[in-house]
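I am opening a notebook on a structure that is new to me. The entries below follow the order in which I looked things up.

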Amino acid sequence: MGRRVRRHHGDLRNLLREHTELKSRLTDTSTKFESSRKEVLTLTDRIKIFELERDEHLHEKDRLQEELKRTKL
């Protein structure tokens with residue numbers, strides 16, 4: 001084999017190794033992204049639930065305050 005062919009084989013091996021490493025990094029990054037996306041969705045749902053509960057408690061508080069005012073009259 002000539003020097004030129006050996007160099008090209010070496011270049012090809014290096015490129016294939018880099019390609020494999022990049023694919024692995026892409027897989028890791030995609031997995032982390034999906035995990036983060038699911039966590040954001042879960043937290044968003046929890047926030048909505050807390051906001052609904054807060055609104056219900058505020059409404060109940062207002063109702064009880066009104067009831068208290070009426071009983072004092």
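**Entry 1: Arg 63 and its partners**

I started with Arg 63, which counts as partly exposed at 36% relative accessibility. I note here that the model is a predicted one. Because the partly exposed class runs between 20% and 50%, I could place Arg 63 in that class from its value of 36%.

Next I asked which side chain Arg 63 meets in a salt bridge. The partner is Glu 60, at 2.7 Å from N to O. I looked up where the two sit, and both lie in helix H1, three residues apart, about one turn of the helix. Glu 60 is partly exposed too, with a relative accessible area of 32%. I then found that Glu 60, Arg 63 and Glu 67 are joined into one network by salt bridges that share partners.

**Entry 2: other salt bridges**

How many salt bridges are there by the rule used here? I wrote down five.

One of them links Arg 37 with Glu 34, and their closest N and O atoms are 2.6 Å apart. I checked the spacing: Arg 37 and Glu 34 are both in helix H1, which covers residues 3–72, and they are three residues apart, about one turn of the helix. I looked up the exposure of each. Arg 37 has 37% relative accessibility and counts as partly exposed; Glu 34 has 29% and also counts as partly exposed.

Another salt bridge is formed by Arg 54 with Asp 55, where the closest N and O atoms are 3.1 Å apart. Arg 54 has a relative accessible area of 46%, so I entered it as partly exposed. Asp 55 is at 39% relative accessibility, and I entered it as partly exposed as well.

As a general remark, I added that side chains of opposite charge can pair when their charged atoms come close.

**Entry 3: two residues and their distances**

I looked up Lys 61 and found it in helix H1. Its relative accessible area is 43%, so Lys 61 is partly exposed. I took the distance from Lys 61 to His 19: they are 42 residues apart along the chain, and their C-alpha atoms are separated by 62 Å.

Asp 11 is also placed in helix H1. At 36% relative accessibility, Asp 11 counts as partly exposed. For Asp 11 and Arg 25, 14 residues apart along the chain, I noted a C-alpha separation of 21 Å.

**Entry 4: the whole chain**

How many helices and strands does the protein chain have? I noted one helix and zero strands. The radius of gyration of the chain is 31 Å, well over the 11 Å that the globule rule gives for 73 residues, so the chain is more spread out than a compact globule. I also looked up the box that the C-alpha atoms fill along the principal axes, and it is roughly 105 × 10 × 5 Å.

On burial, I noted that buried residues make up 1% of the 73 residues. The protein chain exposes about 7400 Å², of which carbon and sulfur atoms supply 58%.

My last look-up was charge. The protein chain has 19 positive and 15 negative side chains. The centres of these two sets lie 14 Å apart.

Note on methods: Residues are numbered from 1 along each chain as its sequence is written. This is a predicted model: local features need pLDDT of at least 70, side-chain atom pairs count only at pLDDT 80 or more; totals for chains, interfaces and linings use all residues. Side-chain values use heavy atoms; hydrogens and water are left out. A salt bridge is a side-chain nitrogen of Lys or Arg within 4 Å of a carboxyl oxygen of Asp or Glu. Helices (H or I, at least four residues) and strands (E, at least two) are DSSP runs, numbered from the N terminus. Buried means under 20% relative accessible area, exposed over 50%, partly exposed in between (1.4 Å probe, protein chains only). The radius of gyration is taken over C-alpha atoms; the globule rule is 2.2 Å times the number of residues to the power 0.38. Accessible areas come from the Shrake-Rupley method with a 1.4 Å probe; for residues, only the protein chains shown count as cover. Lys and Arg count as positive and Asp and Glu as negative; His and the chain ends are not counted. The place of a charge is taken as NZ of Lys, CZ of Arg, CG of Asp or CD of Glu.
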